[in-house]
Protein chains: 2
Amino acid sequence: MTIEIGLLVFPRVRQLDLTGPYEVFASWPGARVHLIGKSRDSVASSTGLRLTPTTTYADCPRLDVICVPGGAGVNALMRDEETLAFVRARAKEARFVASVCTGALVLGAAGLLRGKRATTHWASLDLLGAFGAVPVKARVVRDGELVTGGGVTAGIDFALTMVAELAGRDAAEAIQLNFEYAPEPPFAAGSPDTARPEIVARVRAANAEVRAERERLADAARRESAGTQARQ
Amino acid sequence: MTIEIGLLVFPRVRQLDLTGPYEVFASWPGARVHLIGKSRDSVASSTGLRLTPTTTYADCPRLDVICVPGGAGVNALMRDEETLAFVRARAKEARFVASVCTGALVLGAAGLLRGKRATTHWASLDLLGAFGAVPVKARVVRDGELVTGGGVTAGIDFALTMVAELAGRDAAEAIQLNFEYAPEPPFAAGSPDTARPEIVARVRAANAEVRAERERLADAARRESAGTQARQ
């Protein structure tokens, strides 16, 4: 039985959020991996690399796993009713609903994080609460059918964890070995807890504009949720 | 001054060998990253994801860094005189000649590894000697202007090391932090030294056909080199 795995492709996606998990999933013979776009036209990722969808919202088969990667383009998706409706509908049928990095904010905007433990990129983690989630500082967080990964490179850990769940530990270990995934980061800068304060400040400054827009979107979601509760 | 970095794109490239370093390099404002194909037509990677070149062998500007990623498609490149001539010519002008994973075998076939310390994917490391290289079991190996990375995910460590070299440690650390690159591999299976023997056997069996062809290509290179020396 083939497991159907779908990854959302959209303009300004952080391509490594997508290509890391793609490579893991597509290296497992039991999976068929779909890159789902609004159309089949290729889109430019946040750093320029073009990605070509293999299917569309309309044509995508029933999915066992639906996964939303992150990137600057997430902000537009959070207000895009067509995308949110697609993610909601596919999540209902799927065995696992997943995100990498700030893709979690799209799940949040779709209302799929309420009451759930979840993670995202460290610089957006505090925003998850606005969508009713319980933010968890961890590389991969599973809460029932919801599986969320941390920032960018956490997508590889996320996907190996998923393959172990879906296909067993041997399959995941074989992929890890074939990918020579015994990482040796050259510096201890991979987390705001270990990076030098000036490096944390530099990354926050570089992301300030995207972050400010996300704060507004999170505030709007919080107000809407409070309004809904008040009316009930 | 912009640093021009070129990554080869070819049919059956292991896309993560390329997309990992791409994302690191393209996140550094000082770099312009080129995906170099024989033509501008998109190509299918070894796991199906399509990659679209941004330039061609003919149109590519002078490069400061030329990097060859790996994958099953490497076997064809090792016999492709047009590619080997392009790599040789660009290597001559470049500040750094680099590879990720089995891309090192293409550098070898181009004659660029003679007398140099180099690494590659663990399952191909013993083949480097046929091209006159000194195989080194390490994640990233630098020998003068030659920088080689190990298998697949080592491309991320390789690229961060290169950015530190080209742009300084702060730039590399900022990218590492933004990528949340504090990896937590779910298993200890990332190296043949730590993986269970049955997993190593499984991966070797899965790669046996590609490996057998590489052995023939390495043997041919060894015989040719011996013949050249005998004639001298």
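**Exercise 1. The sheet of chain A and its edge**

Which residue of β5(A) stands opposite A:Gly37? Place the answer within the sheet, and say which helix packs there.

*Solution.* The model is a predicted one, and in it the residue opposite A:Gly37 is A:Thr56 of β5(A). Helix α1 of chain A, residues 15-26, packs on the sheet and touches β1 (3-8) and β2 of chain A, its direction making about 150° with that of β2(A). The strand β2 of chain A covers residues 31-37 and is joined to β5(A) by two bridges, the two strands running parallel. To widen the view, take the open sheet of chain A, in which seven strands follow the order β5-β2-β1-β6-β7-β11-β10 with mixed pairing. Its edges are formed by β5 (55-56) and β10 (140-143) of chain A, each of which pairs on one side only.

**Exercise 2. Stacked rings**

Determine how many aromatic pairs the structure holds over all chains, and classify the pair formed by A:Tyr57 and A:Phe86.

*Solution.* Over all chains there are four aromatic pairs. For A:Tyr57 and A:Phe86 the ring centres are 4.4 Å apart and the planes stand at 10°; because planes under 30 degrees apart count as stacked, this pair is stacked. The next step is to locate the partners: A:Tyr57 lies in the loop between β5 and β6 (65-68) of chain A, whereas A:Phe86 belongs to helix α3 (residues 81-93) of chain A, so the pair ties together parts that are 29 residues apart in sequence. Both A:Tyr57 and A:Phe86 are buried.

In chain B, the rings of B:Tyr57 and B:Phe86 also form a stacked pair, with centres 4.4 Å apart and planes at 10°. This pair links the loop between β5 (55-56) and β6 (65-68) of chain B, where B:Tyr57 is found, to helix α3 (residues 81-93) of chain B, which holds B:Phe86. B:Tyr57 and B:Phe86 are both buried.

**Exercise 3. A pair of helices**

Describe how helix α5 and helix α6 of chain A meet, and sort the residues of their contact by class.

*Solution.* Begin with the geometry: the axes of α5 (residues 154-167) and α6 (residues 169-178) of chain A come within 6 Å and cross at roughly 145°. Then list the residues in contact, which are A:Leu160, A:Val163, A:Ala164 and A:Ala167 from α5(A), together with A:Arg169, A:Ala171, A:Ala172, A:Ile175 and A:Gln176 from α6(A). Sorted by class, this contact comprises seven nonpolar residues, one polar and one charged.

**Exercise 4. An arginine in chain B**

Is B:Arg222 buried or partly exposed, and which residues beyond its neighbours in sequence does B:Arg222 contact?

*Solution.* B:Arg222 sits in helix α8 (residues 208-231) of chain B. Its relative accessible area is 44%, so B:Arg222 is partly exposed. Setting aside the neighbours within four places in sequence, B:Arg222 is in contact with B:Gly129 and B:Ala130. B:Gly129 is 93 residues from B:Arg222 in sequence, yet the C-alpha atoms of the two are 8.4 Å apart in space.

**Exercise 5. Relating the two chains**

Work out what relation brings chain B onto chain A, and through which surface the copies meet.

*Solution.* A turn of 180° with a shift of 0.0 Å along the axis lays chain B on chain A with an RMSD of 0.0 Å. That is the relation of a two-fold axis. As for the interface, 100% of the interface residues of chain B are also interface residues in chain A, so the copies meet through the same surface.

Methods: Residues are numbered from 1 along each chain as its sequence is written. Chains are lettered from A and ligands numbered from 1 in the order in which they are written. This is a predicted model: local features need pLDDT of at least 70, side-chain atom pairs count only at pLDDT 80 or more; totals for chains, interfaces and linings use all residues. Side-chain values use heavy atoms; hydrogens and water are left out. Copies are superposed by least squares on the C-alpha atoms of residues with pLDDT of at least 70 in both. Contact means heavy atoms within 4.5 Å. Two strands pair if DSSP finds at least two bridges between them. Helices (H or I, at least four residues) and strands (E, at least two) are DSSP runs, numbered from the N terminus. Axes are lines fitted to C-alpha atoms, for helices over the stretch in contact, and angles run from 0 to 180 degrees between N-to-C directions. Rings of Phe, Tyr and Trp (its six-membered ring) pair if their centres lie within 6.5 Å; planes under 30 degrees apart count as stacked, over 60 as edge-to-face and the rest as tilted. Buried means under 20% relative accessible area, exposed over 50%, partly exposed in between (1.4 Å probe, protein chains only). Ala, Val, Leu, Ile, Met, Phe, Trp, Tyr, Cys and Pro count as nonpolar, Asp, Glu, Lys and Arg as charged, and the others, Gly among them, as polar.
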